[in-house]
Amino acid sequence: MTRSVDEITGGKRLRRMRKADWSRRLVRETELTTSDLIWPIFLIEGENRTEAIAAMPGVERLTVDLAVKAAEEAAKLGIPAIATFPNVAMEKRDTTGSHSLDADNLINRATRAIKAAVPEIGIITDAALDPFTDHGHDGILRDGIIVNDESVAQIAKAAVGQAEAGADIIAPSDMMDGRIGAIRDALDAAGFQDVAIMSYATKFASACYGPYREAIGTSGLLKGDKKTYYIDPANTEEALRETEADIAEGADMVMVKPGLPYLDICHRVKETFQIPTYVYQVSGEYAMIEAAAANGWIDGERVMMESLLAFKRAGCDGILTYFALRAARLLKG
Ligand code: PBG
């Protein structure tokens with residue numbers, strides 16, 4: 001007794017609406033727009049100079065003047081915000097990351113230059129200490145331990161310096177306990193009530209950050225790993241508790257990082273807290289797509305757009321992605 005397809009489906013045929021481009025567009029549930037994109041860029045000292053990053057083909061470190069040009073281009077395409085990450089000169093790095101407090105460090109100089117030339121783009125800065133430490137950790141290292149409270153005090157000071165330079169959103173990626181509340185207090189005390197905080201609320205101890213460490217020059221420095229402060233990739237409940245704590249401390253927006261391997265976390269965070277939720281499609285994810293595309297194994301452009309759409313489908317309000325400029329150009333048509 002074989003049943004007909006109509007008997008099996010009860011006449012429900014989901015292919016009906018898939019039959020043409022117009023009908024697929026009509027039933028499309030999520031959409032990626034340029035307003036969803038945040039573009040992370042890497043900074044170096046000097047003028048009118050770029051440096052290639054071996055593990056991130058198509059991404060370059062930029063001197064501040066070229067970062068200004070990049071920000072102009074991003075703004076023209078409608079990208080709402082950029083996030084800056086500095087490759088700090090080795091002689092400026094020390095065990096406490098003290099140069100993070102220098103009003104004239106590379107991050108702050110770039111912020112001032114971009115603010116002056118492209119006031120319409122949002123600037124997101126990271127207050128973690130890793131670009132400034134000679135051991136590559138996000139906090140202060142003492143006797144083999146990343147000390148929490150001392151790190152928080154310095155990160156909060158660095159955040160105020162970034163706000164003074166003109167940063168619109170402080171995004172601390174260090175995962176120290178209490179940093180969001182401490183940064184909020186410090187910003188408010190300095191008169192920066194309008195500077196927002198995007199918490200890297202659920203940052204996992206992932207193997208996907210390698211190319212980024214090449215980009216900011218920490219891969220050769222890093223001793224040990226970051227498992228004492230980043231979240232275990234196995235843990236969902238802990239990620240939710242961390243997010244809840246950061247929201248209670250004053251985070252305006254939260255982030256999940258990395259991206260595609262943690263789509264379930266994106267979904268759970270958005271569903272649980274209904275707060276502006278962002279995802280960081282990190283350097284290793286970028287590198288994997290680029291490497292496969294370079295080998296001709298995948299259509300890089302289509303995989304790029306599919307990965308970005310997946311974040312929207314999972315519930316994210318925006319995506320930090322090294323593809324931002326390329327995706328924005330594609331979306332513009
Ligand atoms: C550290 C930091 C990391 C990234 C941004 N800031 C991770 C790390 O180096 O451990 C990763 C970004 C990426 O991989 O694209 N504060």
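A polar contact is a pair of N or O atoms within 3.5 Å. The legends below apply this term to a predicted model.

**Figure 1. Polar contacts between the ligand and the side chains of Ser173, Arg213 and Tyr230 in the predicted model.** An oxygen atom of the ligand lies 2.6 Å from an N or O atom in the side chain of arginine 213. Because a pair of N or O atoms within 3.5 Å counts as a polar contact, this pair qualifies. A nitrogen atom of the ligand is placed 2.6 Å from an N or O atom in the side chain of serine 173. For tyrosine 230, the distance from an N or O atom of the side chain to an oxygen atom of the ligand is 3.3 Å. When taken alone, the ligand exposes 400 Å², and the protein buries 100% of that area.

**Figure 2. The shell of residues around the ligand.** There are 17 residues around the ligand. Those that come nearest are Ser173, Arg213, Lys257, Ser283 and Tyr322. Sorted by class, the shell comprises eight nonpolar, seven charged and two polar residues. The site occupied by the ligand is the largest cavity.

**Figure 3. The largest pocket and its lining.** This pocket has a volume of about 540 Å³. Its lining is made up of 16 residues, and Arg28, Glu29, Thr30, Glu31 and Leu309 lie nearest the centre of the pocket. Eight residues of the lining are nonpolar, seven are charged and one is polar.

**Figure 4. Helices that contribute to the lining of the largest pocket.** Two helices each supply at least two residues of this lining: H11, which spans residues 300-314, and H12, which spans residues 324-332. Helix H11 gives the most to the lining, with four residues.

**Figure 5. The second largest pocket and its lining.** The volume of the second largest pocket is about 300 Å³. It is lined by 17 residues, and Trp39, Gly58, Val59, Glu60 and Leu325 are the closest to its centre. Two or more residues of the lining come from each of the following elements: strand E1 (37-44), strand E3 (60-63), helix H3 (64-77) and helix H12. By class, the lining of the second largest pocket holds eleven nonpolar residues, five charged residues and one polar residue. Helix H12 therefore appears in two of these views, since H12 supplies at least two residues to the lining of the largest pocket and two or more to that of the second largest pocket.

Conventions. Residues numbered from 1 in each chain as written. Predicted model: local features only at pLDDT ≥ 70, side-chain atom pairs only at ≥ 80, totals over all residues. Heavy atoms only, no water. Near = heavy atom within 4 Å. Polar contact = N/O pair within 3.5 Å; in protein donor to acceptor, adjacent residues only side chain to side chain. Areas by Shrake-Rupley, 256 points an atom, 1.4 Å probe, with all protein chains shown as cover. 1 Å grid on protein atoms, 1.4 Å probe; cavity = no way out; pocket = protein on both sides within 12 Å on 5 of 7 lines; lining within 4 Å. Sits in = over half its atoms within 2 Å of the grid points. Nonpolar A, V, L, I, M, F, W, Y, C, P; charged D, E, K, R; others polar. Points joined across faces, edges and corners; volume = space filled by probe spheres on them.
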